[in-house]
Amino acid sequence: MAEQTPPYWLLISVLFSSQPLTPALAMTLHEAAYELYSRGEGSREVAGDLLSGRVTNLRKEMALGGIAGPAFEAEIETERGSGTVRFMLTRQGLEMMKAQPPATPARPKYLN
C-alpha cells in the first residue's frame, strides 16, 4: 500500500486568509510552497480546478507559539473570488516530507 501524505494541518499553518480554505486548496498551496522552499525559488504560478494565482516565498522564518517555519504568501483566484493567504510550512511537516521516499514514475504498460 502506498504511503499517504500527512494531513494538511501538520504541513501548513495559515496565518491569514481572506478566503475560506478547503483541505484541497491548502494542499495545493503546500505543494507549491514546498517546491519553492526545496528549490530555493522566489515565486511560481499555481493553477488547477480549484484556484489560480501565484505563491511567493517571503524568504523569512516565522514563529507563532510553538509552530515555526518558512513564510509564504499567495495571491489566489477561486470560485469565491480573489484573495490573499499568508502561511508558513511547519518544521514538523518539512521533516515528514523529507522522510518520505521520492515518488517514482509509474512504468508504462505495454500491450505486447
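Pro70 is a buried residue, with a relative accessible area of 4%, and it sits in strand β4, which covers residues 67-78. That burial comes from a predicted model, as does everything else here. Setting aside neighbours within four places in sequence, Pro70 is in contact with Tyr37, Lys60, Glu61, Phe87, Met88, Leu89, Arg91 and Leu94. Met88, one of these partners, lies 18 residues away along the chain, yet the C-alpha atoms of Pro70 and Met88 are separated by just 5.4 Å.

Three of the partners of Pro70, namely Tyr37, Arg91 and Leu94, turn up again where two helices meet. On one side, helix α2 brings His30, Tyr34 and Tyr37; on the other, helix α3 brings Arg91, Leu94, Met97 and Lys98. Sorted by character, the residues of this contact come out as 4 nonpolar, 1 polar and 2 charged. As for the geometry, the axes of α2 (residues 23-39) and α3 (residues 91-99) come within 12 Å and cross at roughly 75°. Since that angle falls in the 65 to 115 degree band, α2 is therefore roughly perpendicular to α3.

Helix α2 itself checks out nicely on length. Its 17 residues, at 1.5 Å a residue, should span 24 Å, and the C-alpha atoms at its ends are indeed 24 Å apart, so expectation and model agree. The buried residues of α2 are Leu25, Ala26, Met27, Leu29, His30, Ala32, Ala33, Tyr34 and Leu36. As a reminder, an α-helix has 3.6 residues a turn, so residues three or four places apart point the same way. His30 and Tyr34 are on the buried list and also take part in the contact with α3. Just after α2 comes Gly40, with a positive phi of about 70°.

Strand β2 (residues 43-47) holds Val46, another buried residue, this time with a relative accessible area of 7%. Leaving out neighbours within four places in sequence, Val46 is in contact with Ala32, Leu51, Ser52, Gly53, Arg54 and Val55. Ala32, for its part, is among the buried residues of α2. Between Val46 and Glu31, which are 15 residues apart along the chain, the C-alpha separation is 9.6 Å.

Arg59, in strand β3, makes a contrast with these buried positions. Arg59 is exposed, at a relative accessible area of 55%. Its backbone also stands out: phi is near 55°, a positive value in a residue that is not glycine. For context, most residues other than glycine have a negative phi.

Zooming out, the protein has 3 helices and 5 strands, and from the N terminus on the elements run α-β-α-β-β-β-β-α. Of its 112 residues, 34% count as buried. Among contacts between residues at least 6 apart in sequence, 44% join residues at least 24 apart.

How confident is the prediction, and where is confidence lowest and highest? Mean pLDDT for the protein is 86, and 86% of the residues reach 70 or more. Confidence is lowest in helix α1 (residues 8-11), with a mean of 81, and highest in strand β3 (residues 52-64), with a mean of 95. The positive phi of Arg59 thus belongs to a residue of β3, the strand where confidence is highest.

Notes: Residues numbered from 1 in each chain as written. Predicted model: local features only at pLDDT ≥ 70, side-chain atom pairs only at ≥ 80, totals over all residues. Heavy atoms only, no water. Axes fitted to C-alpha atoms, helices over the stretch in contact; angles between N-to-C directions. Helix = DSSP H or I, 4+ residues; strand = E, 2+ residues; numbered from the N terminus. Parallel < 35°, antiparallel > 145°, perpendicular 65-115°, else oblique. Contact = heavy atoms within 4.5 Å. Nonpolar A, V, L, I, M, F, W, Y, C, P; charged D, E, K, R; others polar. Expected span 1.5 Å × (residues − 1). Buried < 20%, exposed > 50% of the residue type's maximum accessible area, 1.4 Å probe, protein only. pLDDT = per-residue confidence, 0-100.
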